[in-house]
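Welcome! Have the sequence and the 3D view ready, and let us walk through a protein model together, one feature at a time.

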Amino acid sequence: MFKINFDREACIGCSACVSVCDNWVMDNDKVKPKKTAISEKELKSNKEAEDICPVDAIKIKKVE
């Protein structure tokens, strides 16, 4: 299991994450994850969202 930590304040609403991962959606002028607890299967696309974020607002950590 993995946990998404999203810094909404840092988000600039560029929607790059939305373009690479269907777990991310626009929410007014910013984005948000549909869910913050993700499985191994969902990790790849969410990791792409983390990597593409220009302001490092997305952090994914493995949880036990």
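## A loop residue at the surface

Let us begin with Asn 28. With a relative accessible area of 70%, Asn 28 is exposed. You will find Asn 28 in the loop that runs between strand S2 (24-27) and strand S3 (30-33). Please keep in mind as you look that this is a predicted model.

What is the sign of phi at Asn 28? Phi is positive there, about 60 degrees, although Asn 28 is not a glycine. Here is the background: most residues other than glycine have a negative phi. Asp 56 is another residue with a positive phi, this one about 50 degrees, and Asp 56 is not a glycine either. Asp 56 also belongs to a loop, the one between H2 and strand S5 (58-62). Its relative accessible area is 48%, so Asp 56 counts as partly exposed.

## Cysteines without a bond

Now for the cysteines. A reminder from chemistry helps here: a disulfide is a covalent bond between the sulfur atoms of two cysteines. How many disulfides does the model contain? The count comes to zero. Take Cys 14, which is in no disulfide: the nearest cysteine sulfur belongs to Cys 53 and is 6.2 Å away. To count as a disulfide, two cysteine sulfur atoms have to be within 2.5 Å.

Why is Cys 17 not bonded to Cys 14? Because the sulfur of Cys 14, the closest cysteine sulfur to that of Cys 17, is 6.5 Å away, which is too far for a bond. The surroundings of these two residues can be described as well. Cys 17 is buried, at 5% relative accessibility, whereas Cys 14 is partly exposed, with a relative accessible area of 40%.

## A cavity and its lining

Some of these cysteines turn up again when we look for enclosed space. The model has one cavity of 30 Å³ or more. The largest cavity holds about 90 Å³ of space. Its lining is made up of 14 residues, and the closest to the centre of the cavity are Cys 11, Cys 14, Cys 17, Val 31 and Cys 53.

What kinds of residues form the lining of the largest cavity: nonpolar, polar or charged? Twelve are nonpolar and two are polar, while no charged residue is part of the lining.

## Charged partners

Next come the charged side chains. As a general idea, side chains of opposite charge can pair when their charged atoms come close. The count of salt bridges in this model is four, and we will visit some of them.

In one of them, Lys 35 pairs with Glu 42, and their closest N and O atoms are 2.5 Å apart. Both partners are partly exposed: the relative accessible area is 38% for Lys 35 and 21% for Glu 42.

Helix H2 offers further examples. Lys 44 and Glu 48 form a salt bridge in which the closest N and O atoms are 3.4 Å apart. Both residues lie in helix H2 (residues 40-52), and the four residues of separation amount to about one turn of the helix. Lys 44 is exposed, at 62% relative accessibility, while Glu 48 is partly exposed, at 34%. Lys 47 and Glu 50 also meet through their side chains in a salt bridge, with 2.5 Å from N to O. These two residues of helix H2 are three residues apart, again about one turn of the helix. Lys 47 is partly exposed, with a relative accessible area of 34%.

## A closer look at Glu 50

Let us finish with Glu 50, the salt-bridge partner of Lys 47. Is Glu 50 buried or exposed? Glu 50 is buried, with a relative accessible area of 12%; the cut-off for buried is under 20%.

Which backbone nitrogen lies 3.0 Å from a polar atom of the Glu 50 side chain? That nitrogen belongs to Ile 60. Finally, try finding Val 20 in the 3D view. Glu 50 and Val 20 are 30 residues apart along the chain, and their C-alpha atoms are separated by 9.8 Å. So Glu 50 brings several threads together: this buried residue sits in helix H2, shares a salt bridge with Lys 47, and has a side-chain polar atom 3.0 Å from the backbone nitrogen of Ile 60.

Definitions and conventions: Residues numbered from 1 in each chain as written. Predicted model: local features only at pLDDT ≥ 70, side-chain atom pairs only at ≥ 80, totals over all residues. Heavy atoms only, no water. Buried < 20%, exposed > 50% of the residue type's maximum accessible area, 1.4 Å probe, protein only. 1 Å grid on protein atoms, 1.4 Å probe; cavity = no way out; pocket = protein on both sides within 12 Å on 5 of 7 lines; lining within 4 Å. Points joined across faces, edges and corners; volume = space filled by probe spheres on them. Nonpolar A, V, L, I, M, F, W, Y, C, P; charged D, E, K, R; others polar. Polar contact = N/O pair within 3.5 Å; in protein donor to acceptor, adjacent residues only side chain to side chain.
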